[in-house]
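Got the viewer open? Here is a short tour, stop by stop, with something to select at each one.

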Amino acid sequence: VGFTSHLQLPYTLQWNASIEQALGKSQALTVSYVGSHAARLLKESEVSTPTNPNATTFDFVENGLTSDYDALQVQFRRRLSRGLTALASYTWSHCLDYGSSNFNFGYQRGNCDFDVRHNFSAAFSYGLPNVGHGGFVDAVLHHWGLDDRFTARTAFPVTLLGNPIIDPATGNTYYGGLNLIPNRPTYLYGANCASVLQGLGDLQSGQGCPGGRAINPNAFTAVNSGFGDAPRNFTRGFDAVQMDMAVRRDFPIHERLKLQFRAEAFNIFNHPNFGVINSNICSGTGCSFGQATATLANSLGVLSPLYQMGGPRSMQFALKLIF
């Protein structure tokens, strides 16, 4: 690995502005603008030297890349009042950079890999009012509560990759791009998606497209050199929507001591969320280019898919001692 003799530390400039309006005694609405600009980001090049007897490739690191982020954020808050507390947030954002993480993409300026345009989340917690009086009624109907969380976001970009190419002028290695074929839809949906991909041999007879949608293989061709005219990260994967809910019951033990029982359901409506898209151009029977290859939960890694965003419906019971 080689480094430029004038390598400098990257830097980021950030700015924001907010305005807040009270809505009654317990509620408030906040609108914010958030922006940032990063410069002198590290740029890594892989140089091929096939005639060198000691090493066939070298990595060279220098400054030169930038990224920009702008967002409009809206937040609604309700403090605990009459047993109800709530929070809702919406963000519209756009991020641009030159290849978020991988030098093999050739550093084309385009949407960041994590560019999510719309993101909404809401949550509330409600203590149900106690009904009736008396020993039996208190034991059965008092101290119940309900917690709910809903999240929805639009899709992440998908970086479409062509064939690996060595630039003869510089020796740099990168993935070639794709050319757009005019008058071809970028996406396929429903029965048409299944029909087209079955005709290409990418799906078996009677098999449907995962999630009912795919990037159209017939809309692109690989290029032998350069990046092609298909912009970086202009295609998108799948949206994500999920609701989690919990029912709780408190059992007072002492003035400042109570036992809480919770029954929690994740993805309570069992809504399917898809994750990784095969972005490598290919041809021939069994090619899955443009199709979802895993659920969102299995695409995230780290934790069990049961308890991550996009997992199947699952439930758990818990006991918590609060003091």
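Before you click on anything, a word on element names: helices (H or I, at least four residues) and strands (E, at least two) are DSSP runs, numbered from the N terminus. This is a predicted model, where local features need pLDDT of at least 70 and side-chain atom pairs count only at pLDDT 80 or more, while totals for chains, interfaces and linings use all residues. Residues are numbered from 1 along each chain as its sequence is written, and side-chain values use heavy atoms, with hydrogens and water left out.

**Stop one: the largest pocket**

Select Phe156, Pro157, Gly275, Val276 and Ile277, which lie nearest the centre of the largest pocket among its 18 lining residues. A pocket here is an open set of points on a 1 Å grid over the protein atoms alone, with protein on both sides within 12 Å along at least five of seven lines; lining residues have an atom within 4 Å of a point. The space in this pocket is about 400 Å³, a volume being what is filled by probe spheres set on the points, which are joined across faces, edges and corners.

Now colour β9 (157-158) and α3 (296-300), since each supplies at least two residues of that lining. Which element gives the most to the lining? That is α3, with three residues. By type, the pocket lining splits into 10 nonpolar, six polar and two charged. For that split, Ala, Val, Leu, Ile, Met, Phe, Trp, Tyr, Cys and Pro are nonpolar, Asp, Glu, Lys and Arg are charged, and the others, Gly among them, are polar.

**Stop two: the cavity**

A cavity is a set of grid points where a 1.4 Å probe fits but cannot get out. The count is one cavity of 30 Å³ or more, and the largest cavity has a volume of about 140 Å³. Pick out Gln108, Thr159, Leu160, Gly177 and Arg232, the closest to its centre of the 15 residues that line it. The cavity lining holds eight nonpolar residues, six polar and one charged.

**Stop three: salt bridges**

Next, show the charged side chains. There are 10 salt bridges (a side-chain nitrogen of Lys or Arg within 4 Å of a carboxyl oxygen of Asp or Glu).

Try Asp147 and Arg248, which pair at 3.0 Å, N to O. Asp147 sits in strand β8 (residues 144-153) and Arg248 in strand β17 (residues 240-254), so this bridge ties together parts 101 residues apart in sequence. Are these two buried or exposed? Asp147 is buried at 14% relative accessibility, and Arg248 is buried at 11%; buried means under 20% relative accessible area, exposed over 50%, and partly exposed in between (1.4 Å probe, protein chains only).

Move to Asp250 and Lys258, whose closest N and O atoms are 3.3 Å apart. Asp250 is buried at 11%, whereas Lys258 is partly exposed at 29%. While you are there, add Arg262 and Glu264: shared salt-bridge partners join them with Asp147 and Arg248 into one network.

Then jump to Arg77 and Glu20, with closest N and O atoms 3.1 Å apart. Arg77 belongs to strand β4 (residues 57-81) and Glu20 to strand β2 (residues 11-23), so the pair links parts 57 residues apart in sequence. Arg77 is partly exposed at 29%, while Glu20 is exposed at 52%.
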